[in-house]
Amino acid sequence: MPGLKKLAGDKVVVCHKQNYPYAMFYYHAIKPIAAYVLPLKGDDGVKVKAVAICHLDTSEWNPKHLAFQILKVKPGKIPICHFLPTDHIVWVPNHKFA
């Protein structure tokens, strides 16, 4: 895909915003994982840069996970990738692209 860039290494920490009356994030590092930055363009022409996280080994995930139901696959068969909302944070070793 044009503009797709893999973020450096597999040392990625993802921070998910939690619903509290003050700023609170849930941090975790799941391995193996890959993170990418890619451009997206909406039907209305608006362009953004998005972060996608790919879980490379899902063999230990619950077989009833929604991702498997939607994709009609079983745990461990394919990587599961998803975008992160704008209020989430991704930490990587440095700002350079691999």
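Visitor: Which handedness does the link of Cys54 and Cys81 have?

Guide: In this predicted model, the link is right-handed, with 115 degrees about the S-S bond. The sulfur atoms of Cys54 and Cys81 lie 2.1 Å apart and form a disulfide, and a search of the whole structure finds one such link. Because Cys54 belongs to strand β5 and Cys81 to strand β6, the pair ties together parts that are 27 residues apart in sequence.

Visitor: Are Cys54 and Cys81 buried or exposed?

Guide: Cys54 is buried, with a relative accessible area of 8%, whereas Cys81 is partly exposed at 44%.

Visitor: Why does Cys15 form no bond with the closest cysteine sulfur?

Guide: A disulfide needs two sulfur atoms within 2.5 Å, and the sulfur of Cys15 is too far for a bond because the closest cysteine sulfur, that of Cys54, is 18 Å away. Cys15 is itself buried, at 0% relative accessibility.

Visitor: How do the strands around the disulfide pair?

Guide: Strand β5 (residues 47–55) runs antiparallel to β6 (residues 80–83), and four bridges join them; one bridge partner pair is His55 and Ile80. Strand β5 also pairs with β4 in the antiparallel sense, over nine bridges, and there Leu38 has Ala50 as its bridge partner. Five residues separate β4 and β5 in their hairpin, where Gly45 in the turn has a positive phi of about 90 degrees.

Visitor: Which residues make up the largest nonpolar core?

Guide: In soluble globular proteins, nonpolar side chains tend to be buried together. Here the largest nonpolar core has eight residues, namely Leu7, Val12, Val14, Ile33, Ala35, Val37, Ile53 and Leu84, and strand β4 supplies the largest share, three residues. Among the residues that Val14 touches are Ile53, Leu84 and Tyr26.

Definitions and conventions
Residues are numbered from 1 along each chain as its sequence is written. This is a predicted model: local features need pLDDT of at least 70, side-chain atom pairs count only at pLDDT 80 or more; totals for chains, interfaces and linings use all residues. Side-chain values use heavy atoms; hydrogens and water are left out. A nonpolar core is a set of buried Ala, Val, Leu, Ile, Met, Phe, Trp, Tyr and Cys residues joined through side-chain atoms within 4.5 Å. Buried means under 20% relative accessible area, exposed over 50%, partly exposed in between (1.4 Å probe, protein chains only). Helices (H or I, at least four residues) and strands (E, at least two) are DSSP runs, numbered from the N terminus. Contact means heavy atoms within 4.5 Å. Two strands pair if DSSP finds at least two bridges between them. Lists of a residue's contacts leave out its neighbours within four places in sequence.
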